[in-house]
Amino acid sequence: MGMSNLTRLPEFILLGLSSRPEDQKPLFALFLIMYMVTLMGNLLIILAIRSDPQLQNPMYFFLSILSFADICYTTVIVPKMLVNFLSEKKTISYAACLVQMYFFLVSGNMDSYLLAAMAIDRYVAICNPLHYVTVMNHGRCMLLLAYSTAFCYLHSLLHVLLVNRLTFCASNVIHHFFCDVNPVLKLACSSTSVNEVVAMSEGLVSVMAPFVCIIISYLRILIAVFKIPSAAGKRKAFSTCSSHLTVVTLFYGSICCVYFQPLSSYAVKDRIVTVNYTVLTPMLNPFIYSLRNKDMKQGLEKLLSRIKFQMNRLSTTNSNKIHGT
């Protein structure tokens with residue numbers, strides 16, 4: 001739908017993953033299942049960590065925050081996406097679009113900085129184990145979290161304010177399933193050069209800083225592991241990092257494909273890649289961390305046993321009440 005001579009569009013149309021009517025219900029079912037699995041998986045991770053004394057250390061503290069960020073990440077995008085699958089009017093107001101963009105950027109950047117914090121934690125645990133408790137104390141963990149949160153909120157606010165200053169006067173059709181920065185910028189009639197310069201400078205630094213931190217941490221871990229004389233010791237050290245490395249590869253691999261390119265190069269294929277880090281990775285994270293981590297697996301088993309016990313106890317109580325009456 002075209003619009004002309006407007007500086008503020010009242011609403012945008014989200015084109016989604018597919019415009020074919022026959023695709024909408026299957027896509028709705030697929031993404032609903034993925035969303036429910038994401039919510040349940042990450043919620044179980046959070047509850048398992050909070051309820052198990054053996055999981056009260058910095059690595060699992062950051063993992064619980066990462067699971068919460070992943071829930072926020074998908075909730076910012078998927079519910080609106082599900083509504084649009086079943087609606088003929090796939091619109092989002094201008095204000096709601098900016099709000100969605102803001103919280104998407106906050107959640108995405110939080111994921112990035114939390115992965116960096118977890119890499120630092122693994123580096124200290126493997127390379128400096130005798131001082132691990134003092135270096136990664138609760139105060140430092142909270143400081144890392146506070147810095148990450150404050151920076152992500154300010155960084156996201158900057159980019160949304162820069163989008164808000166643009167003029168939109170041609171089309172209001174966003175070729176995406178949510179209000180991502182690049183598809184919205186492509187609709188602007190005014191110059192987006194400031195946005196692009198900021199994205200390729202401040203934006204690039206904000207994304208690459210945690211990535212560089214992860215690379216340096218793992219290079220130093222690799223050097224330390226090669227110095228371990230026994231093969232069993234090497235395997236144990238690598239096993240504590242394998243889950244984190246898998247998530248980092250999934251997350252940053254997708255982001256690099258979508259954002260580290262000129263705005264003019266943004267295409268339909270990028271929508272598919274975006275699904276990987278906005279929906280697929282948050283859904284897979286609980287499986288990656290639980291299946292490849294013995295302590296986490298045991299924590300989940302304890303949690304599920306407690307839930308099952310409470311449900312059986314509640315069922316027995318209700319049954320006794322019914323028979324008593």
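Here are a few friendly notes on this predicted model, going from the sheet to the helices and then the core.

1. Let's begin with the sheet. It is open, has 3 strands in the order 2-1-3, and its pairing is mixed. Strand 2 (91-93) and strand 3 (173-174) are the edge strands, each with a single partner, so one side of each has no neighbour in the sheet.

2. Helix 3 (residues 94-127) packs on this sheet and touches strand 1, strand 2 and strand 3. The direction of helix 3 makes about 85° with that of strand 2.

3. For a closer look at one pairing, follow strand 1 (residues 11-14), which runs parallel to strand 3 and is joined to strand 3 by 2 bridges. Leu14 has Ile174 of strand 3 as its bridge partner.

4. Helix 5 (residues 138-164) is worth a visit too. Its 27 residues span 39 Å from first C-alpha to last, close to the 39 Å expected at 1.5 Å a residue. At the N-terminal end, Asn137 acts as the cap, with a side-chain oxygen 3.1 Å from the backbone nitrogen of Gly139.

5. The buried residues of helix 5 include Cys141, Leu145, Ser148, Cys152, His155 and His159. Among the elements covering the buried residues of helix 5 are helix 2 (58-85), helix 3, helix 6 (181-185) and helix 7 (193-226).

6. Finally, the largest nonpolar core holds 84 residues, and Phe31, Leu63, Phe168 and Met296 have the most contacts inside it. Helix 3 gives the most to this core, with 18 residues. Beyond its neighbours within four places in sequence, Met296 is in contact with residues including Ile45, Ile49, Leu55, Leu63 and Tyr289.

Notes. Residues numbered from 1 in each chain as written. Predicted model: local features only at pLDDT ≥ 70, side-chain atom pairs only at ≥ 80, totals over all residues. Heavy atoms only, no water. Pairing = 2+ DSSP bridges. Helix = DSSP H or I, 4+ residues; strand = E, 2+ residues; numbered from the N terminus. Contact = heavy atoms within 4.5 Å. Axes fitted to C-alpha atoms, helices over the stretch in contact; angles between N-to-C directions. Expected span 1.5 Å × (residues − 1). Buried < 20%, exposed > 50% of the residue type's maximum accessible area, 1.4 Å probe, protein only. Polar contact = N/O pair within 3.5 Å; in protein donor to acceptor, adjacent residues only side chain to side chain. Core = buried A, V, L, I, M, F, W, Y, C linked by side-chain atoms within 4.5 Å.
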